Structure formats: structure tokens, C-alpha cells
There are 2 protein chains.
Amino acid sequence: MRIGELAARAGTTPRTLRYYESRGLLPARRAGNGYRTYDESDLKLLRQIRTLQDFGFDLEETRPFVECLRAGHPEGDSCPASLAVYRRKLEELDALIGELRAVRAKVGRQLARAERARDELAADARVPGGPEPVCELGGELR
Amino acid sequence: MRIGELAARAGTTPRTLRYYESRGLLPARRAGNGYRTYDESDLKLLRQIRTLQDFGFDLEETRPFVECLRAGHPEGDSCPASLAVYRRKLEELDALIGELRAVRAKVGRQLARAERARDELAADARVPGGPEPVCELGGELR
DNA sequence: GTAAGCCTTGACGTCGGCGTCAGGGAAAGG
DNA sequence: CCTTTCCCTGACGCCGACGTCAAGGCTTAC
């Protein structure tokens, strides 16, 4: 199988496969004419890489999985190094999710505070001595 | 106040301020010798930018806040355009957090499955006919 | 006077994971 | 034979928010 076919079967592009090869992740045999040649086991490696990439793993983090498969194991995560990557990734995800939730909370509070301030200004404007000048900037939305 | 002092007071670098200026976000007056000159209001603008950056806002997303302050409002989020950015950011955060939690769940399941497979292999090895060959790759950890 | 420490502009480097183009050879079908 | 479609290598582009270096000018302290 040549590079175009493998790429298509994995839902990616030849450029991507050449890139992986340049990183030493997915080396290819060569046909007499210099064309890269792949087999079904390469497809399996590639799918492993792509799955992890979809999870947000760096290329380097997929390396233990690929090496594990190439060592003859049925699954890329049959090796301790792969499990270690899983665990590290879980920690990273938990930390990141935690940070994002903290930011979400802060932004939510800022929004609430700003809306409250705006509404209080509007209320003041309706009551005392006629409307006060309001922000004239932007805000096509709503 | 010159660029170095402003940068220090905002906990950033002169390079960053020049970058903001190049993006039209924080223009500077110039002294006779060509040096950039800033005042306290610039510090306020800069702190607004930095706060939002810390929240993960793109530089472009901070623009409405900066313009709002420059228009004379007491807070950067006193303008509708700023509130719209807050709301968009909340949606983005919710979406991102949701995706990350989904990934976290998937990775967690993969890890659990892989560990189960490993333990079953170990159990098999202890019982039937002597230890089977085990993965020899990686895994310094533990 | 001279060294240190600020400032200026301009331009290139960084990081990851490729996309895209240029300038060729090879293979397959009519 | 010709065209199309694949393949090759090499190299530059991209994105965002700066870092870093070069080469020079201003100021200030000694």
C-alpha cells in the first residue's frame, strides 16, 4: 500500500504521514522506485496515533503506544510506559479542567457584576432627573 | 512614565507593550527624544488587558474593554460589546470544559481497561503453566 | 570621559502539526 | 504517445504572543 491509500484509510493526508516519518514515529519501507510502502500493521499504528491525537495527546506522547505495538503487543496500551502516559494525561486534564472551571466562575461573576451595574444605571436614569448618557460603543448584539 | 516602568508596574515587559502598540491596542505618546510616554490611565488599560489575558482571552477580545475604558467609562466591561465578549467566552469555556470532560472519561476508561487486561495476564501467568513473557518496554515509573 | 542602563527600530526565532507550493520522476489508462 | 494522477524532496507559510538579538542613540552617575 502506498502513502495516499494509507492516508485515506486513516482519514488523514500523505503530508501528515511524511511528517510522522520525519519524527521517527512511522518509518516506511521503500519500493524500488523510492515510493513509501506500508502494510496493515502500519495502518494499525497510524490509527493508534490518530486516536490519541484526537484525545489531545502530543505526538511525542503517542510514541510509547506505537513502540508497544511494534514490539508485538496486541494493544498500544499493553505496556507500562503507555499506562504512565495515560495517568499523566489524566492529571493534566484534571488540572486543566479545574483551571478552566475557575476561570469560568470568575468570568461569570464579572458578567453578573457588570450587568448589575448596567441595570442600576438604567434604573437611576428612569427615576431621578431624566436619562443619563449611556455608552455609545459597539454592541450590535441585542 | 517610560515603557520600562509601565511594564514593570504591570508585571510584564517592554516588548509586550510594543507589541500591543503594534496591534493598535495601546498607543503611546512620544517624548521629544522619541521615547514612549505613558500615564496612569495607560496603566489601567494595560491591567485590564493583562487580567483578561490571564483568563485566556485573545488580545482581540480585550479590545472592546480597552476602548470602553478609553471612552471614559469607569470599568472596561461597562459597554455592551464587552458584555458580549464575556458571554461568548462563557459559551466557549462551557464547550471546552465539556469536551475535556468527555476526553477525560474516555482516557479514564482506556486506562482502566488496559490495567484490567494487564492484571488478567498476570493472574493467568501465576496459575496455568508458568509465567508468560511480559512487556519489556519502558516504564521506569514504580 | 566613559561605562551602565535605559530607549529606539527592525528582523528573525519559538512552538506543533501540519498546509501548500515548486520542480521534478513514475505509473496507469486510453 | 499523451494525459492524468500519483509519488518524491525541499522549503516556506501559518497561527499568537511575544523572546531575543543587532546596531545604534540618549541619559545619568561616577
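**Exercise 1. Find the partner of Glu115(A) in a salt bridge, and say where the two residues sit.**

*Solution.* Start with the definition: a salt bridge is a side-chain nitrogen of Lys or Arg within 4 Å of a carboxyl oxygen of Asp or Glu. Glu115(A) pairs in this way with Arg87(B), and their closest N and O atoms are 2.9 Å apart. Next, place the pair: it crosses between chains, from helix α5 of chain A, which holds Glu115(A), to helix α5 of chain B, which holds Arg87(B). (Helices are DSSP runs of H or I with at least four residues, strands are runs of E with at least two, and both are numbered from the N terminus.) Finally, check accessibility, where buried means under 20% relative accessible area, exposed over 50%, and partly exposed in between, with a 1.4 Å probe and protein chains only. Glu115(A) counts as partly exposed because its relative accessibility is 22%. Arg87(B), with 32%, is partly exposed too.

A word on the model before we go on: it is predicted, so local features need pLDDT of at least 70 and side-chain atom pairs count only at pLDDT 80 or more, while totals for chains, interfaces and linings use all residues. Residues are numbered from 1 along each chain as its sequence is written, chains are lettered from A and ligands numbered from 1 in the order in which they are written, and side-chain values use heavy atoms, leaving out hydrogens and water.

**Exercise 2. Describe the contact between chain A and chain B.**

*Solution.* Begin with the residues: 39 from chain A and 39 from chain B take part, contact meaning heavy atoms within 4.5 Å. Then take the area: about 3500 Å² is buried between the two chains, and carbon and sulfur atoms give 76% of this. (Buried area is the accessible area, with a 1.4 Å probe, that two parts lose on being put together, summed over both.) Now count the charged pairs: there are 6 salt bridges between chain A and chain B. Then turn to the elements on the side of chain A that touches chain B: α4 (59–70) and α5 (80–126) of chain A each give two or more residues. The largest share, 24 residues, comes from α5(A).

**Exercise 3. Which residue of chain B forms a salt bridge with Arg113(A), and is that partner buried or exposed?**

*Solution.* The partner is Asp77(B), with the closest N and O atoms 2.5 Å apart. This pair also crosses between chains, from helix α5 of chain A to the loop between α4 (59–70) and α5 (80–126) of chain B. Asp77(B) counts as buried because its relative accessibility is 4%. Arg113(A), at 28%, counts as partly exposed.

**Exercise 4. Show how the protein meets DNA strand C.**

*Solution.* List the neighbours: 19 residues surround the strand, and Tyr35(A), Gln53(A), Gly4(B), Arg18(B) and Arg36(B) come nearest. Sugar and phosphate make up 68% of the strand's atoms that come within 4 Å of the protein. Now look at individual atoms. A polar side-chain atom of Tyr35(A) is 2.8 Å from a base nitrogen of DNA strand C. On the phosphate side, a polar side-chain atom of Thr13(A) lies 2.9 Å from a phosphate oxygen, and an N or O atom in the side chain of Arg36(B) lies 2.7 Å from a phosphate oxygen. To close, find the main contributor: α2(A) gives the most to the surface near the strand, with 4 residues, where near means a heavy atom within 4 Å.

Notes
A polar contact is a pair of N or O atoms within 3.5 Å; within protein, one must be able to donate a hydrogen and the other to accept it, and residues adjacent in sequence count only if both atoms are side-chain atoms.
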